[in-house]
Amino acid sequence: AKREGVDAVIAADMACVLKAKELGLEVHLSTQLSVSNFESLSFYAQFCDRIVLARELNLSMIRRIHGQISSNDLRGPSGRPLEIEAFAHGALCIAVSGRCGMSLFNSNSSANRGACVQNCRRTYTVRDTRSGKEMEIDNNYVFSPNDISTIEFLDQIIAAGVHTLKIEGRGRSPEYVLTVVRSYRKALAAIESGEFSPSLTESLLKDLKSVYNRGLSDGYYL
């Protein structure tokens, strides 16, 4: 990664973090470390310039953490103020901050090694082991919530201090990634120019839903 000019690596394992630091590679701390308070950020700031916050945090929590970063002038190894990254669009793992063993258990393909086959995003039948009776769950997706979509309140996310948006793209088509990234870029540009409005987000949301309706997202839904 260093030889090929990678800008930064996302890491949760401290051995990986320390090796990247040794090589002079910028580190962005993964959500899998469940960083959810300023004390944790203060500790990890010695190793990384950006932290992907625990996905369980809400906007008020993120806003408070960003305020503490600013008031304490917390900086990463590069000397830049510590940056916050947060999930903005796509699938949300049912496990705490993505630490899931389902894919490894069922398919011998480890989610924690970047190879999740997303077993949770499939339909399942529940069977009573005593009677053998089975039920098909009405909403079809018993292990996975709806995909997150923050474009309608993206201005609030930016105002809360989020530096970078994380858009989930695992198992997605190129058309899906193109549409989602393009839509969020338009929204960010509108926020910067002061033109962010409900009519704009309504239009962008239609574009986002179109990739789901056309089956380009793997058949899931917003």
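**Figure 1. Strand β4 and its partner β8 in the predicted model.** In this predicted model, H89 has I167 in β8 as its bridge partner. The two strands β4 and β8 pair in the parallel sense, and 4 bridges connect them. Strand β4 covers residues 83-90, and 8 of its 8 residues are buried, so the strand is mostly covered. Strand β8 spans residues 164-167.

**Figure 2. Strand β4 and the antiparallel strand β7.** H89 also stands opposite S149, a residue of β7. Strand β7 is made of residues 148-149. It is joined to β4 by 2 bridges, and the two strands run antiparallel. H89 therefore appears in two views, with I167 of β8 as a bridge partner and with S149 of β7 opposite.

**Figure 3. Strands β3 and β4 with helix α3.** Strand β3, residues 50-52, pairs with β4 in the parallel sense over 3 bridges. Within this pair, I51 of β3 stands opposite I84 of β4. Between the two strands the chain passes through helix α3, residues 59-71, and the resulting β-α-β crossover is right-handed. After α3 and before β4 there is a loop, and D73 lies in this loop.

**Figure 4. D73 in the loop between α3 and β4.** The phi angle of D73 is near 50°, which is a positive value, and the residue is not a glycine. Most residues other than glycine have a negative phi. Is D73 buried, exposed or partly exposed? With a relative accessible area of 46%, D73 is partly exposed, because this class lies between the cut-offs of 20% and 50%.

**Figure 5. Strands β1 and β2 with helix α1.** Strand β1 holds residues 8-11, and strand β2 holds residues 26-29. The two run parallel and are joined by 4 bridges. One of the paired positions is A8, whose bridge partner in β2 is E26. The chain goes from β1 through helix α1, residues 14-23, to β2 in a right-handed β-α-β crossover.

**Figure 6. Strands β2 and β3 with helix α2.** Strands β2 and β3 also run parallel, here with 2 bridges between them. H28 has R50 in β3 as its bridge partner. The path from β2 to β3 leads through helix α2, residues 38-44, and this β-α-β crossover is right-handed. In the loop between β2 and α2 sits S34. The phi of S34 is positive, about 55°, although S34 is not a glycine.

**Figure 7. The largest pocket.** How much space lies in the largest pocket? The volume is about 700 Å³. The lining consists of 34 residues, and those closest to the centre of the pocket are Q32, R55, G98, A111 and R170. Sorted by class, the lining has 15 nonpolar, 12 polar and 7 charged residues. Strand β1, helix α4 (102-107) and strand β8 each supply at least two of the lining residues.

**Figure 8. A187 in helix α6.** Helix α6 runs over residues 174-193 and includes A187. Why is A187 counted as buried? Its relative accessibility is 0%, and the cut-off for buried is under 20%, so A187 falls in that class. Apart from neighbours within four places in sequence, A187 is in contact with I151, L154, F196 and L204. V211 lies 24 residues from A187 along the chain, and their C-alpha atoms are separated by 17 Å.

**Figure 9. E152 in the loop between β7 and α5.** E152 belongs to the loop that links β7 to helix α5, residues 154-159. Leaving out neighbours within four places in sequence, E152 is in contact with F196, T201 and L205. F196 is also listed among the contacts of A187. E152 and L200 are 48 residues apart in sequence, while their C-alpha atoms are 8.9 Å apart in space.

**Figure 10. The whole chain, for orientation.** The protein has 222 residues, and 39% of them are buried. Its secondary structure comes to 7 helices and 8 strands. The C-alpha atoms fill a box of roughly 60 × 45 × 35 Å along the principal axes. Of the contacts between residues at least 6 apart in sequence, 60% join residues at least 24 apart.

Methods:
Residues are numbered from 1 along each chain as its sequence is written. This is a predicted model: local features need pLDDT of at least 70, side-chain atom pairs count only at pLDDT 80 or more; totals for chains, interfaces and linings use all residues. Side-chain values use heavy atoms; hydrogens and water are left out. On a 1 Å grid over the protein atoms alone, a cavity is a set of points where a 1.4 Å probe fits but cannot get out, and a pocket is an open set with protein on both sides within 12 Å along at least five of seven lines; lining residues have an atom within 4 Å of a point. Grid points are joined across faces, edges and corners, and a volume is the space filled by probe spheres set on the points. Ala, Val, Leu, Ile, Met, Phe, Trp, Tyr, Cys and Pro count as nonpolar, Asp, Glu, Lys and Arg as charged, and the others, Gly among them, as polar. Buried means under 20% relative accessible area, exposed over 50%, partly exposed in between (1.4 Å probe, protein chains only). A crossover is right-handed if, with the strands pointing away from the viewer, the path from the first strand over the helix to the second runs clockwise. Contact means heavy atoms within 4.5 Å.
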